[in-house]
2 protein chains.
Amino acid sequence: MSTKDLEDIECTADHYSYLKRDEKYNRLTEEHVNYFKSILPKENVICSFDDSEKELLKFNVDWMKKYRGQSQLVLLPTCTEEVSKCLKYCNDNKLAVVPQSGNSGLVGGSVPVFDEIIISTKAMNKIIDFDDMSGVLICNAGCVLADLEAYASERGFMIPLDMGSKKYCCIGGNVSSNAGGLRYLRYGSLHSNVLGLEVVLPNGQIIENLSRLRKDSTGYDIKQLFIGAEGTLGIVTNVAISTPRKPKAINAVLLSTNSWENVQVIYKKAKEELQEIISAFEFFDEHAYSLVKKHMNMTAPLKQANEFYILIETHGSNREHDDAKLNAFLDTIKKLNVVQEGYVSKDDKQTRSFWVMRESVPVACSMNGAVFKYDLSIPMATLYNVAVDMRKRLMEANVYRPGDETSEVFNVAAYGHIGDGNIHLNISCKNYSKKITDLIEPYIYEWTQEHNGVISGEHGLGLMKGAYLGYSKSSVMIDIMQNIKNLLDPNNIMNPYKYLPKKMITKLSDIKN
Amino acid sequence: MSTKDLEDIECTADHYSYLKRDEKYNRLTEEHVNYFKSILPKENVICSFDDSEKELLKFNVDWMKKYRGQSQLVLLPTCTEEVSKCLKYCNDNKLAVVPQSGNSGLVGGSVPVFDEIIISTKAMNKIIDFDDMSGVLICNAGCVLADLEAYASERGFMIPLDMGSKKYCCIGGNVSSNAGGLRYLRYGSLHSNVLGLEVVLPNGQIIENLSRLRKDSTGYDIKQLFIGAEGTLGIVTNVAISTPRKPKAINAVLLSTNSWENVQVIYKKAKEELQEIISAFEFFDEHAYSLVKKHMNMTAPLKQANEFYILIETHGSNREHDDAKLNAFLDTIKKLNVVQEGYVSKDDKQTRSFWVMRESVPVACSMNGAVFKYDLSIPMATLYNVAVDMRKRLMEANVYRPGDETSEVFNVAAYGHIGDGNIHLNISCKNYSKKITDLIEPYIYEWTQEHNGVISGEHGLGLMKGAYLGYSKSSVMIDIMQNIKNLLDPNNIMNPYKYLPKKMITKLSDIKN
């Protein structure tokens, strides 16, 4: 995308006019910039004072082109000590900061709202250590996920985290946003896979906790606070992550079925029969599939159209064993009459093609205009109802008229990680209009709360959902969060206006009035 | 054990004479007791004012008979609201509290030091909900681990946590001490398996976060702070835990080998070849085995004596497949000439007998007099050296003379969870003498620090290790812990004198002077 296109994007501060710059933060001066130039390599300070607006724009705009900040300064420290000096100076001088990593987030968490200084970890991208006995990998926060995957793979290991944005996202951002992804079902959460972190606090203090140990019961597990803090408590500079062995056999099966009840039966049977080898249980619905066919020129190797498509993957150490288990499982679900069609991948290439199709869904959803992306975690029984109810609501408001090309809403697609109870609802529209936004939000958050879900499973809060935190957490919990924030970032310089904003919305009436 | 025997145990306050009662805490009065009697069922208030000293003794003394508190009052609330009322009253009236669960801890964390009120969760032992789709179990904190295991097992599931004390320990205590145990290698940490917690804060506020969701990225993950907080921040009242499917096949193999280098090669090969089915990789050394033979009348089905004994267990869904993998693995390590003997269990009964032998090690270590128990997490390459060096040190001091029955130290046994890098060093002695204590501590903590380990892998800090926290965490981290403690428990009523004590020991010289 050219900088010309980026220039057309509306500034966040204009679009969300209720947001006001907090004047307690100082504005950037030449003196500030000179200080940063004195501690960082010259080329690692990008400033509008030096006519670098075009370069700055790439850091100011998010991946979805939905949010645009107005930072005048990007800092690219090359080591922890430089991050420490930058943050200490910002804290002492009341300069607001946005930590940025791969800038592939989906909630506007990694771009500024106003003129916050962007501190990017992109210049810190070295692998520090790998131990092939324990599988512990230690690396800089700015390492790109796909690079880490390639490094581990060469050594017979794998990163326990995988996602569509792996070529862009960095491990520091993954940790800071508590990323979930495609391997969560089998390999679990970053709360367990991250063994150690090095973090710079806003005052410049460095938490050295780059542990290589799988077990540690010495005191409160402080590092957990930074996993999912979205840069509001400090900047993660180094990560120690536990990597599992790379599987010797990867199999996959693509299924289609015609009801959510069947999806649940298939899931239950898969967990029962594929126990130790199941590595993913993903789905996309017919609406998502229609976009993949239309925009990506892909089709599933299945003959009939159906309501739900399921991708089950297995990771094991013996292909014959895994094939036998997978075939026994397919026999079971066929006998139960819950699956309409099933197709087992012939080889690794076809397995990969199934994943390309699944991973194309979010890309296809963004191929026309704007896309409202939701990332809900909801108990499985009612997980899909959110898509059904949302379509109904948008149709009743007459903004979604399937088949009518003048409809403001083009498509309401659902897909995600069934095994983790995590659904992504993507509402494709002409543009990010207030009318559509108001129809969706906070309705979708209220719906989620009523169905015992939370408003983010893996994308985080950022600017998009910070104000809606009250739909997922009690006031007691939000108070504790705020107190922890005040404790570690008393000047509130870290990623302000988001996550834990001053004004929270907890009832539908709050936003209507 | 009779109460008579318990009466002979020295009070903690006398044994550790440097501990002083903090006089900011009020002493118990009739008025206080009357309040508790007004809010709890009469039989759930056990007080020395009512001549219940003998019953109190069972709550005042720990499982190892190493620590003895002098509490005059035990409260057994039956629900969260009662816990809330009790804590609020204690907080308002500056009464110190020790939360207690199964009282099977190993670091003196769950018994009082002085006259702290014991709040036991033993009367809260109901299972609230189980969902056989997601495998999420929700239960009271006072549920005994073995009872939960039986409940899950009947439904085709298993608790991801197992340990020798399962008949006594309760899930609330497991969570509060961040228990590890025998299944950690495969099923991971409580930081990932605990999905939700309900916690009562010292001021009586209730954190309602009993989530059934596998994924949640809405704000700081506050519940993580209570996992491993050992009751210093509040009382866990309900737990939501993710349970995996129960394996259809469990196999085990017992091996012996003659060097630590070989142990490491075997571990690496086991992880490579048994990938998805390995569920445990445990060891005990010849010293531990000698105690098992002597005190427990058990022998391994192996012909020769050797230096290290390894128990490998597999969990899978198909016995034939697992047998094939296990046999291929055994062929590999035989060819590498790293194993002296190997014995595959014939059936479930024999698998169980292997585990009984492994689980008997800590019991056998405690069969004569006193036992100093250490629980170190250390990178694998030097994990066992701590035992070698400790034996050398004690022999040089002439307190450990193998073969001499008058020796003050009987045995220095090592065992534990190799796959998790967690070793238990058990030093069996005539009694808990100061002379032996001073020879071991803080030497063992210093050794651990020098070898990049931490002083607790799974037992926690408690009274035993709180003062030594500085050997495993930096002052920056300890400051953050202390600030979080002050935030949630400003009156410091929760489990005082332990965990984060006022005086920390961070250098050998601190204790020598």
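**Questions about a predicted two-chain model**

Colleague: Between which two helices of chain B does the loop with Pro442(B) lie?
Modeller: Happy to start there, with the reminder that this is a predicted model. A cis peptide bond joins Pro442(B) to Glu441(B), with omega about 0°. The loop that holds Pro442(B) runs between helix 16 (434-440) and helix 17 (443-450) of chain B.

Colleague: And in chain A, which residue is joined to Pro442(A) by a cis peptide bond?
Modeller: Most peptide bonds are trans, so a cis one deserves a look. Pro442(A) sits in the loop between helix 16 (434-440) and helix 17 (443-450) of chain A. With omega at about 0°, its cis partner is Glu441(A).

Colleague: What is the phi of Asn178(A)?
Modeller: You can find Asn178(A) in the loop between helix 7 (171-176) and helix 8 of chain A. Most residues other than glycine have a negative phi. Asn178(A) is not a glycine, yet its phi is positive, at about 50°.

Colleague: Asn178(A) also lines a cavity; how much space lies in that second largest cavity?
Modeller: The structure holds five cavities of 30 Å³ or more. In the second largest, the residues nearest the centre come from both chains: Asn178(A), His191(A), Asp216(B), Asp221(B) and Lys223(B). The space in this second largest cavity is about 280 Å³.

Colleague: By class, how many polar residues does the lining of that second largest cavity have?
Modeller: The lining is made of 28 residues. Helix 9 (190-193), strand 7 (194-200) and helix 10 (223-226) of chain B each supply at least two of them. Six lining residues are nonpolar and seven are charged, while the polar ones number 15.

Colleague: Let's turn to the interface: what area is buried between chain A and chain B?
Modeller: The contact takes 86 residues from chain A and 85 residues from chain B. On the chain A side, Arg214(A), Lys215(A) and Tyr220(A) lose the most area to chain B, together 14% of what that side buries. Carbon and sulfur atoms give 60% of the total, and the buried area is about 7,000 Å².

Colleague: How many salt bridges are there between chain A and chain B?
Modeller: Side chains of opposite charge can pair when their charged atoms come close. One such pair is Asp420(A) with Arg214(B), whose closest N and O atoms are 3.4 Å apart. Polar contacts between the chains come to 41 residue pairs, and the salt bridges between chain A and chain B number 10.

Colleague: Which helix of chain A gives the largest share of the side that touches chain B?
Modeller: Several elements supply at least two residues each to that side, including helix 11 (260-273), strand 12 (308-316) and helix 13 (319-335) of chain A. By class, the side has 32 nonpolar, 32 polar and 22 charged residues. The largest share is nine residues, and it comes from helix 19.

Colleague: Within chain B, why does the salt bridge of Arg183(B) with Glu149(B) tie together separate parts of the sequence?
Modeller: This is one of 58 salt bridges over all chains, and its closest N and O atoms are 3.1 Å apart. Arg183(B) lies in the loop between helix 7 (171-176) and helix 8 (184-187), whereas Glu149(B) is in helix 6 (residues 145-154). The pair therefore ties together parts whose separation in sequence is 34 residues.

Methods
Residues numbered from 1 in each chain as written. Chains lettered and ligands numbered in written order. Predicted model: local features only at pLDDT ≥ 70, side-chain atom pairs only at ≥ 80, totals over all residues. Heavy atoms only, no water. Contact = heavy atoms within 4.5 Å. Buried area = accessible area lost by both parts, 1.4 Å probe. Salt bridge = Lys/Arg side-chain N within 4 Å of Asp/Glu carboxyl O. Polar contact = N/O pair within 3.5 Å; in protein donor to acceptor, adjacent residues only side chain to side chain. Helix = DSSP H or I, 4+ residues; strand = E, 2+ residues; numbered from the N terminus. Nonpolar A, V, L, I, M, F, W, Y, C, P; charged D, E, K, R; others polar. 1 Å grid on protein atoms, 1.4 Å probe; cavity = no way out; pocket = protein on both sides within 12 Å on 5 of 7 lines; lining within 4 Å. Points joined across faces, edges and corners; volume = space filled by probe spheres on them.
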